[in-house]
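Here are a few exercises to work through with the model open in your viewer. Try each task before you read its solution.

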Amino acid sequence: MRSEDIPFEGGPLDGRTLPVLLGATGQPPKVYEVPVPDAEGGPPTVLVYRREAAGFSRRLGVPRGWKYVFDPEGRGVGRIKWPWSRPSSPPAS
C-alpha cells in the first residue's frame with residue numbers, strides 16, 4: 001500500500017506530518033480519526049480531522065496536495081449523506 005506524508009493543522013497534532021495510507025484512487029481518506037487512550041483506563045477519546053486541499057494549481061484549479069484540519073465537534077463521524085436520500089425526520093412523540 002502507498003502512503004503519503006500529510007500535514008495536520010489544529011488540535012493536539014498541530015504542526016506534525018504523519019504518513020497516511022492512500023486509497024485505491026490515490027487520495028487519503030476524507031476523515032481521519034485518531035484514538036487517544038485514556039490515562040485512567042476508560043474509553044479512548046477520538047480526535048477527528050477533515051481532509052482539505054493544501055493549495056490549488058493556477059491554471060486548472062486542481063488540488064495540489066492535501067492537509068488535515070482539526071474538527072473539534074467531531075462531525076466527521078456519522079452516516080453518509082447521499083444526494084438522493086431524504087433528510088432524517090425527528091422521532092414522533
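Contact here means heavy atoms within 4.5 Å. With that cut-off, Lys67 touches Ile6, Pro7, Glu9, Arg50, Arg51, Glu52, Ala53 and Ala54, leaving out residues up to four places away in sequence. Before you start: this is a predicted model, where local features need pLDDT of at least 70, side-chain atom pairs count only at pLDDT 80 or more, and totals for chains, interfaces and linings use all residues. Residues are numbered from 1 along each chain as its sequence is written, and side-chain values use heavy atoms, with hydrogens and water left out.

**Exercise 1. Work out how the strands are laid out.**

Step 1: take stock of the elements. Helices (H or I, at least four residues) and strands (E, at least two) are DSSP runs, numbered from the N terminus. The chain has 0 helices and 5 strands, giving the pattern β-β-β-β-β along the sequence.

Step 2: put the strands in spatial order. Two strands pair if DSSP finds at least two bridges between them. The 5 strands make an open sheet with mixed pairing, ordered E2-E1-E5-E4-E3. At the edges sit E2 (17-21) and E3 (31-36), each pairing on one side only. From one strand to the next, the twist averages 40 degrees; axes are lines fitted to C-alpha atoms, for helices over the stretch in contact, and angles run from 0 to 180 degrees between N-to-C directions.

Step 3: check the two partners of E1. Strand E1 (residues 3-9) pairs with E2 in the antiparallel sense over 5 bridges. Two of the partners in E2 are Leu18, which bridges to Ile6, and Val20, which bridges to Glu4. With E5, E1 pairs in the parallel sense over 2 bridges, and Phe8 stands opposite Tyr68 there.

**Exercise 2. Find the aromatic pairs and follow one of them.**

Step 1: set the criterion. Rings of Phe, Tyr and Trp (its six-membered ring) pair if their centres lie within 6.5 Å; planes under 30 degrees apart count as stacked, over 60 as edge-to-face and the rest as tilted.

Step 2: run the search. The whole structure gives 5 aromatic pairs. One of them joins Phe8 and Tyr49 edge-to-face, at 5.1 Å centre to centre with 85 degrees between the planes. Phe8 lies in strand E1 and Tyr49 in strand E4 (residues 45-53), so this pair ties together parts that are 41 residues apart in sequence.

Step 3: look at the surroundings. Ring pairs link Phe8, Tyr32, Tyr49, Tyr68 and Phe70 into a cluster. Buried means under 20% relative accessible area, exposed over 50%, and partly exposed in between (1.4 Å probe, protein chains only). Phe8 is buried at 1%, and Tyr49 is buried at 0%. For the whole chain, buried residues make up 16% of the 93 residues.

Step 4: add the charge over a ring. The test asks for NZ of Lys or CZ of Arg within 6 Å of the ring centre and within 35 degrees of the ring normal. Arg51 lies over the face of Trp66, 4.3 Å from the ring centre.

**Exercise 3. Sort four charged-type side chains: which are buried and which are exposed?** The set is Lys67, Asp71, Arg64 and Glu73.

Step 1: begin with Lys67, found in strand E5. Lys67 counts as buried because its relative accessibility is 18%.

Step 2: move on to Asp71, in the segment after strand E5 (66-70). At 12% relative accessibility, Asp71 is buried too. Its side chain makes a polar contact with the side chain of Arg50 at 3.3 Å. Such a contact is a pair of N or O atoms within 3.5 Å; within protein, one must be able to donate a hydrogen and the other to accept it, and residues adjacent in sequence count only if both atoms are side-chain atoms.

Step 3: turn to Arg64, in the loop between E4 and E5. Arg64 counts as exposed, at 63% relative accessibility. Setting aside neighbours within four places in sequence, Arg64 is in contact with Gly55, Phe56 and Ser57. The C-alpha atoms of Arg64 and Ala54 are 6.4 Å apart, with the two residues 10 apart along the chain.

Step 4: finish with Glu73, in the segment after E5. Glu73 is exposed, with a relative accessible area of 55%. Its C-alpha atom is separated by 8.2 Å from that of Val48, 25 residues apart along the chain.

**Exercise 4. Put a number on the long-range contacts.**

Step 1: keep the contacts in the chain with a separation of 6 or more.

Step 2: pick out residues 24 or more positions apart, which account for 28% of that set.
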